[in-house]
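Thanks for making the time this morning. I would like to walk you through one chain, going from its overall form to a few local details, so please have a look at it first.

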Amino acid sequence: WLFRGIIGPIETLTKSVKRFKHNMRVRAKIQSGDELETLGDEFNRMADTIQERDEHLEQVNAELTKANEVKSEFLAVMGHELKTPIHGIRGYAQLMLEQIDGPITEAQRRDLENIMESGDHLRVLIDNILQFSKLESGQEQVHPHEIELEELVSDAMKNVSVIARQKGIQLVSNLNGVHFVTADETKLKQVLINLLGNALKYTKEGSVSVQAEERPGELVFTIRDKGVGIPQEM
């Protein structure tokens with residue numbers, strides 16, 4: 001009686017719990033007419049809920065996998081389509097630089113050279129977009145090499161010089177005698193362009209400056225502007 005009434009149902013429930021870890025379709029069959037049967041029913045309801053959520057997660061994972069495949073196809077097509085107009089823009093700029101259609105001023109030459117450099121940078125960024133799946137999977141790599149810092153900062157400032165000129169804002173750099181840095185040139189340049197673009201967006205007048213400061217084992221960049229600033233907690 002003791003086994004049938006107490007020990008048996010407990011043993012059944014214990015075995016069901018252990019088997020449930022490996023097979024979510026396992027349910028406990030207890031018919032003792034007391035609290036143990038109620039406990040078994042609660043376990044079965046809990047198991048039903050867990051199984052439903054597990055099946056839902058499997059469906060969501062399948063949809064995410066499909067969406068990821070579609071995204072990769074989209075990026076490949078987008079990268080190809082974006083490169084076509086970039087080649088066109090660079091081609092026309094090159095023709096103007098060669099003065100095929102007539103002479104140009106020195107200021108126009110500088111503007112056209114900036115267009116060429118921006119096109120080259122954009123082309124590199126598109127190539128990076130095509131490697132986005134590697135970034136998601138943790139396979140994206142940084143390719144550091146020694147960079148001439150003044151040239152890097154100058155290129156970043158040229159990318160936003162049109163905005164600065166339109167708003168009458170002066171762009172200033174102070175590299176404090178730092179000549180070289182070891183970094184991924186494309187990624188570092190894009191970081192500086194993003195920060196400078198943001199600084200110019202919120203600066204109505206005055207100047208935006210880039211400063212570099214060497215510290216043990218690192219190089220610290222500081223972007224200063226006359227905007228509203230970033231909240232301390234951010």
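Before the first number, a word on the term behind it: the radius of gyration is taken here over C-alpha atoms, and the globule rule it is set against is 2.2 Å times the number of residues to the power 0.38. Please keep in mind throughout that what you see is a predicted model.

With that rule, a compact globule of 234 residues would come out near 17 Å, but the chain in front of you has a radius of gyration of 31 Å. The box tells you about the form in another way, since the C-alpha atoms, taken along the principal axes, fill roughly 105 × 40 × 35 Å. Of the 234 residues, 24% count as buried, and the accessible surface comes to about 16,500 Å², of which 54% belongs to carbon and sulfur atoms. As for the contacts with a separation of 6 or more, residues 24 or more positions apart account for 66% of them.

Turning to the secondary structure, the chain has 6 helices and 5 strands, and if you read along the sequence, they follow the pattern α-α-α-α-β-α-β-β-α-β-β.

Next, the loops, where two residues deserve a careful look at the backbone. Glutamine 99, in the loop between helix H2 (35-97) and helix H3 (106-129), has a positive phi of about 60 degrees although it is not a glycine. Is glutamine 99 buried, exposed or partly exposed? Its relative accessibility is 34%, and because buried would require a value under 20% and exposed one over 50%, glutamine 99 counts as partly exposed. The other residue is asparagine 176, which is found in the loop between strand S2 (170-174) and strand S3 (180-183), and asparagine 176, also not a glycine, has a positive phi of about 50 degrees.

Finally, the pockets. Rolling a probe the size of a water molecule over the atoms shows where empty space is left. In the largest pocket, that space is about 250 Å³. Which element gives the largest share of its lining? That is helix H6, residues 185-202, with 4 residues. The full lining consists of Leu195, Asn198, Ala199, Tyr202, Ile223, Asp225, Gly227, Val228, Gly229 and Ile230, and by character these residues divide into 6 nonpolar, 3 polar and 1 charged.

Conventions: Residues are numbered from 1 along each chain as its sequence is written. This is a predicted model: local features need pLDDT of at least 70, side-chain atom pairs count only at pLDDT 80 or more; totals for chains, interfaces and linings use all residues. Side-chain values use heavy atoms; hydrogens and water are left out. Buried means under 20% relative accessible area, exposed over 50%, partly exposed in between (1.4 Å probe, protein chains only). On a 1 Å grid over the protein atoms alone, a cavity is a set of points where a 1.4 Å probe fits but cannot get out, and a pocket is an open set with protein on both sides within 12 Å along at least five of seven lines; lining residues have an atom within 4 Å of a point. Grid points are joined across faces, edges and corners, and a volume is the space filled by probe spheres set on the points. Ala, Val, Leu, Ile, Met, Phe, Trp, Tyr, Cys and Pro count as nonpolar, Asp, Glu, Lys and Arg as charged, and the others, Gly among them, as polar. Contact means heavy atoms within 4.5 Å. Accessible areas come from the Shrake-Rupley method with a 1.4 Å probe; for residues, only the protein chains shown count as cover.
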